[in-house]
Amino acid sequence: MARHLNTLFNRPLLPAILAGLTTFVLMMMLAWSGIAFEAHRDLQKRTSGLFSIWLANIDGGNRLYAELEALPTQDCSTEHLNQLNTIVYNDNHITNIWFFPDGDTRTTCASSFGGFDPAFDFGPPEITSLFSDGREAWYRTPFRGVAGVDDVTLIKKNRYAVSFYRTGSLPETTDGLLYISDTQDPDAELFHMAGNRGLLKQSRDSLGPVFGHVYAHACGDGPVRLCYLTMIHAGKVMRDNDSLIAIFTVFSLITGILVSQRLRRIVRQRNSPAGRIRRAIRNGGRGFEPHFQPFVTLNTMTCEGCEVLARFEDAQGKLFPDEFIAIIQEQGLTWEFTEIIIAKALQDLTPLLAGRPGFKVGVNFFQVDLDDERIQTVIKSPVFETATQANISLSCEILETGIGTGTSIAKSLEYLRSIGCQIAIDDFGTGYSNLAQIKALNPDVVKIDKMFIDDLGTTTESARGVFVHAILGIADAHAMKVCAEGVESAEQLASLRTRNVDYAQGYYFARPMPIRDFALYLLEQTLKDRMPAEGRLPKLKQAAAI
């Protein structure tokens with residue numbers, strides 16, 4: 001299941017679509033955040049500004065009450081009412097002045113309504129602790145003293161009460177609340193004055209303007225505070241900024257498409273064969289596994305060594321050697337790859353070969369890693385010390401086609417030989433090297449290419465078969481061992497043994513196999529070696545009694 005999901009998300013289209021959608025959503029969220037915070041800032045500014053005007057009007061009552069108490073006439077006469085009307089006319093914030101002759105809750109006249117007969121009793125004031133100077137307040141109190149007036153709001157001190165204009169308004173707000181709150185808990189409503197009672201709880205539960213409606217809060221000072229809470233619905237903010245949102249939507253969509261296309265290219269590159277191989281080597285060779293193909297000594301028909309061949313498979317599937325070898329060369333990762341394969345092979349083989357000292361392990365080297373400027377890096381690798389400690393005979397196999405026209409790599413091969421490596425020329429006969437070049441390299445083993453082995457054992461021996469005779473002669477003259485590659489039939493094996501070829505490998509003996517199968521192969525070889533040629537196995541002797 002995990003591998004299926006990994007493969008699914010490594011497809012270019014799916015992550016590209018997800019990245020594009022994510023980019024679009026994030027950019028729209030950023031755009032909306034900017035719009036919402038700007039709307040909150042603007043609403044807070046206007047709410048605070050309007051509320052400051054209201055507080056200034058109320059605070060101005062201190063001067064007004066003193067002026068009223070200083071009036072020469074203190075009754076409901078026409079002269080007194082005219083004086084009150086003059087004050088209302090001169091002060092744009094006042095709508096009405098009420099007269100309470102006894103300073104209690106009964107009013108006998110008002111500047112706008114004239115006298116009341118009988119006097120109108122407002123009853124106990126609704127708010128008594130709003131002001132520290134003894135002022136009392138009635139808010140939206142029912143009033144039946146004048147036809148057409150349903151309720152009034154007034155603030156009283158001593159014998160006079162004043163009704164103020166609630167100067168200004170915020171018509172663009174969706175909802176509002178005017179209430180009185182204690183300083184210890186500004187979100188607790190002590191007295192509801194006007195507006196939506198549930199708005200305070202909505203504001204407390206809000207996650208902010210980005211994820212909900214836009215709120216603004218303004219409160220006065222003092223032990224008991226008058227507060228004003230306003231709200232604009234998120235939908236209204238969107239409608240008010242529809243042009244800006246449309247611009248951001250187009251911009252975010254274009255950006256999301258560009259990100260999607262870019263990520264799709266990245267994923268394609270990442271999941272291309274080159275990207276997969278580069279990532280595998282960067283991650284310590286994850287996906288690469290060594291396979292082992294044994295070669296046998298034809299004199300004794302026993303396995304005395306193996307060639308290490310790399311195989312690759314990751315979440316996207318397998319890549320064959322002819323694919324990933326070319327990529328490794330193009331990416332300049334030849335030694336990194338070779339070192340990883342040697343290290344993995346030694347890790348697999350070391351416990352298996354504890355009883356087989358001198359077991360030969362052949363590894364293909366790239367010619368570029370044998371150049372003068374790179375050979376010092378190669379020979380300093382810890383894998384050679386690891387092989388020596390494990391008593392494994394490491395063999396550097398180099399293609400004949402990699403020798404080139406000169407003998408410049410001879411010195412590099414001598415470096416490898418000096419640290420315990422054997423030297424083998426692989427696929428001999430397929431290149432254009434001459435005898436002098438081979439002699440200069442002084443290899444320990446020459447491996448004859450499969451195409452020269454195919455015709456051996458047939459009734460009519462071709463020119464390729466004749467070439468094997470020449471190779472054997474060259475090898476014998478220069479004390480080189482010969483290994484035949486690609487042996488696939490008993491006839492080929494018989495022909496090679498009559499020619500005194502030293503080693504052979506091919507499908508006739510075994511295909512390249514992972515370490516678990518190679519371990520079973522060696523176990524089978526060991527059991528065959530220990531089986532008696534004739535007769536039965538000897539009986540086990542019974543242990544003597546103690």
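**Exercise 1. Surroundings of Ser-412**

Task: In this predicted model, determine which residues Ser-412 touches, leaving aside residues up to four places away in sequence, and whether Ser-412 is buried or exposed.

Solution. Start with the contacts: Ser-412 touches Leu-370, Asp-371, Asp-372 and Ile-375, once residues up to four places away in sequence are left out. Next, place the residue: Ser-412 lies in helix H13. Finally, take its relative accessible area, which is 0%. Buried means under 20%, so Ser-412 is buried.

**Exercise 2. The two sides of helix H12**

Task: Find which residues of helix H12 (residues 382-389) are buried, and state what covers them.

Solution. The buried residues in H12 are Val-383, Phe-384 and Ala-387. Viewed down the axis of H12, the buried residues fall within an arc of 100°, so they line one face of the helix. The spacing fits a general rule: an α-helix has 3.6 residues a turn, so residues three or four places apart point the same way. Pro-382 and Gln-389, on the other side of H12, are exposed.

The cover over the buried residues of H12 includes helix H10 (334-352), helix H11 (372-379), strand S15 (392-399) and helix H13 (410-418).

Now look at the ends of H12. Lys-380 lies in the loop between H11 and H12. With 67% relative accessibility, Lys-380 counts as exposed. Its C-alpha is 9.7 Å from that of Ile-419, although Lys-380 and Ile-419 are 39 residues apart in sequence. After H12 comes Asn-391, with a positive phi near 60°.

**Exercise 3. Layout of a six-stranded sheet**

Task: Give the strand order of the open sheet of 6 strands and identify its edge strands.

Solution. The order is S3-S2-S1-S6-S5-S4, and the pairing is antiparallel. Strand S3 (114-121) and strand S4 (136-142) each pair on one side only, which makes them the edge strands. On average, neighbouring strands of this sheet are turned by 30° against each other, direction ignored.

Take one pairing from the sheet. Strand S5 (residues 151-157) and strand S6 (residues 160-164) run antiparallel and are joined by 3 bridges. Lys-156 has Ala-161 in S6 opposite it.

Then add the helix. Helix H4 (residues 78-90) lies across strand S1 (94-99), strand S2 (106-110), S3 and S6, and runs at about 150° to S1.

**Exercise 4. Aromatic pairs**

Task: Classify the ring pair of Phe-100 and Trp-138, then that of Tyr-508 and Phe-509.

Solution. The whole structure holds 25 aromatic pairs. In the pair of Phe-100 and Trp-138, the ring centres are 6.2 Å apart and the planes are at 5°, and the pair is stacked. Phe-100 lies in the loop between S1 and S2, and Trp-138 in strand S4, so this pair ties together parts that are 38 residues apart in sequence. Phe-100 and Trp-138 are both buried.

For Tyr-508 and Phe-509, the ring centres are 5.4 Å apart and the planes are at 85°, so this pair is edge-to-face. Tyr-508 is partly exposed, at a relative accessible area of 38%, whereas Phe-509 is buried at 16%.

The last step is to look beyond pairs: one aromatic cluster is formed by Trp-98, Phe-100, Phe-113, Phe-116, Phe-120, Phe-122, Trp-138 and Phe-143.

**Exercise 5. Length and packing of helix H7**

Task: Check the span of helix H7 (residues 242-271) against 1.5 Å a residue, and name the helices that its buried residues pack against.

Solution. The 30 residues of H7 should span 44 Å, and the end C-alpha atoms are 42 Å apart, which agrees. Buried in H7 are Ile-245, Ser-252, Thr-255, Gly-256, Ser-260, Val-267 and Asn-271. These buried residues pack against helix H2 (13-59), helix H6 (234-240) and helix H8 (273-282).

**Exercise 6. Strand S17 and its neighbours**

Task: Determine which residues of strand S17 (residues 445-448) are buried on each side, and how S17 pairs with strand S16 and with strand S18.

Solution. In a regular strand the side chains alternate between the two faces of the sheet. In S17, Val-445 and Lys-447 are on one side and Val-446 and Ile-448 on the other. All four are buried, so both faces of S17 are covered.

Strand S16 (residues 422-428) runs parallel to S17 and is joined to S17 by 3 bridges; Ala-424 has Val-445 as its bridge partner in S17. Strand S18 (residues 481-484) also pairs with S17 in the parallel sense, over 4 bridges, with Ala-484 in S18 opposite Ile-448.

Methods: Residues numbered from 1 in each chain as written. Predicted model: local features only at pLDDT ≥ 70, side-chain atom pairs only at ≥ 80, totals over all residues. Heavy atoms only, no water. Buried < 20%, exposed > 50% of the residue type's maximum accessible area, 1.4 Å probe, protein only. Helix = DSSP H or I, 4+ residues; strand = E, 2+ residues; numbered from the N terminus. Arc of directions from axis to C-beta. Contact = heavy atoms within 4.5 Å. Pairing = 2+ DSSP bridges. Axes fitted to C-alpha atoms, helices over the stretch in contact; angles between N-to-C directions. Expected span 1.5 Å × (residues − 1). Phe/Tyr/Trp six-rings, centres within 6.5 Å; stacked < 30°, edge-to-face > 60°.
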